[in-house]
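Got your viewer open and a selection box ready? Here is a walk through this structure, one stop at a time.

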Amino acid sequence: MGEAFAGRTVGRKAMLWGILAQSIPDIDFIASGWLDTPASLLAHRGFTHSIFFAVIISLLMAWLANHWHRPHNISFVRWLGFFEAATLSHIFLDTFNNYGVGLLEPFNHTRISFNTLYVADPFFSIWPGIAVVMLFLLKQKNTKRRFWYVFGLGCSFLYLSYSVVNKAIIDKEVKKLFARQDIVYTRYFTTPAPLQNWLWFVVAGNDSGYYVGYRSVFDEKYHMQLNYFPQNNSLLQLAPDKKVAEQLVKFAQQFYTLDKKEDTLILNDLRFGQVIGWENPKEAFAFHYYLQPDIDNRLVVQRGRFAKWDWAVLTSYLRRIKGQ
């Protein structure tokens, strides 16, 4: 985006401005230095991922760039438009995965997520990655530079559009299957399984519990294997720290279950899927938080996400993606 906007005028520095504008919403990671894990989870993708923040920080960066690169022929309004576009593209792209983004902070605390892209999807990221490498290698006046920034932006946009189509297909099929299998639910979501966009993790249920399963866009079966996990909401009364439990329930947006293993109380956030659930339907959820205060929960969002992956698991994963 930086190259497309000002590559001819300020050279490779335009891409550095783009990198800064794209990265700055994630400055909220600094808060984890003084917040506990539940509070840090709620703070991430909050105010710094809001439209209000984007407007403020874009004004500041536009002012800095406008003064830094003088003399130039770029108006302040054009600088502002670029930084708004670059910052908002980060924020809006984050809404397409399952964490949730506080777009309307600080005026509205609702978290928005479209559950359309896995948080790290190489099929989305590889194209701008290739383009950035080529743009840093090519000389400023090389006529091929335009091709590469169009390639990087265009391929990512096409893949995102393709993902939206996949989401619509999966949602339509899954709802039909729920009706055919007499599954009653009040809350529901689908989200891509790790690293791709063809196999989707499916959750549906209510305050009693949730049905969990997987559906591929290549599945031809008129039945979906579902496994039921009771919510066990009454176990919240056993939580040693009620404030922590309340923060986690809020973060999970109601999509949670509770387990008790011996003396350990565990809260699972279903939105982040299971470790290898396509192979073992009763596998642990990737996000499982130990409510006992003496257990380390710092890597709770992706705890053990790939711990059980080996060649056999990868092979079964690829087969399941293909609808087998």
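What is the order of the strands in the open sheet of three strands, and is the pairing parallel or antiparallel? The order is E5-E6-E7, and the pairing is antiparallel. Keep in mind throughout that you're looking at a predicted model.

**Stop 1: the sheet and its helix**

Colour E5 (256-261), E6 (residues 264-274) and E7 (285-290). E5 and E7 are the edge strands, each pairing on one side only. On average, neighbouring strands here are turned by 30° against each other, if you ignore direction. Zoom in on E6 and E7: five bridges join these antiparallel strands. For one of the partnerships, pick Ile266, whose bridge partner in E7 is Tyr290. Now add H8, which packs on the sheet and touches E5, E6 and E7. The direction of H8 makes about 15° with that of E6.

Before moving on, select Gln253, in the loop between helix H8 (242-252) and strand E5. Gln253 isn't a glycine, yet its phi is positive, at about 55°. With 26% relative accessibility, Gln253 counts as partly exposed.

**Stop 2: E1, E2 and E3**

Next, select strand E2 (residues 199-206). Is E2 enclosed or open? Seven of its eight residues are buried, so E2 is largely enclosed by the rest of the structure. E1 runs antiparallel to E2, and six bridges join the two. Click Pro192 to find its bridge partner in E2, Trp200. The hairpin of E1 and E2 has six residues between the strands, and there Leu195 takes a positive phi near 70°.

Then follow E2 onward to strand E3 (residues 209-216), again an antiparallel partner, with eight bridges. The hairpin that joins E2 to E3 goes through two residues. Asn206 has Gly209 of E3 as its bridge partner.

Step back to the loop between helix H7 (145-180) and strand E1 (187-192), where you'll find Asp182. Asp182 is another stop for backbone fans: its phi is near 55°, positive in a residue other than glycine. Is Asp182 buried or exposed? Asp182 is exposed, with a relative accessible area of 66%.

**Stop 3: H1 against H2**

Jump to helix H1 (residues 2-10) and helix H2 (residues 13-23). They pack at an angle of about 145°, and their axes are 7 Å apart. H1 passes H2 in a right-handed crossing. To see the contact, show Gly2, Glu3, Ala6, Gly7 and Val10 from H1, then Lys13, Ala14 and Met15 from H2. By type, those contact residues divide into four nonpolar, two polar and two charged.

**Stop 4: H5 and the loop after it**

Keep H1 and H2 on display and add helix H4 (51-68): these three are included in what covers the buried residues of H5. Within H5, the buried set includes Trp79, Phe82, Phe83 and His90, with Glu84 and Asp94 also among them. Try a distance check on the ends of H5. Its 19 residues should span 27 Å at 1.5 Å a residue, and the end C-alpha atoms are 27 Å apart, so the two agree.

Last pick: Pro106, in the loop between helix H5 (76-94) and helix H6 (122-137). What kind of peptide bond joins Glu105 and Pro106? The bond is cis, with omega at about -5°.

Methods
Residues numbered from 1 in each chain as written. Predicted model: local features only at pLDDT ≥ 70, side-chain atom pairs only at ≥ 80, totals over all residues. Heavy atoms only, no water. Axes fitted to C-alpha atoms, helices over the stretch in contact; angles between N-to-C directions. Helix = DSSP H or I, 4+ residues; strand = E, 2+ residues; numbered from the N terminus. Left-handed = near helix turned anticlockwise from the far one by under 90°. Contact = heavy atoms within 4.5 Å. Nonpolar A, V, L, I, M, F, W, Y, C, P; charged D, E, K, R; others polar. Buried < 20%, exposed > 50% of the residue type's maximum accessible area, 1.4 Å probe, protein only. Expected span 1.5 Å × (residues − 1). Pairing = 2+ DSSP bridges.
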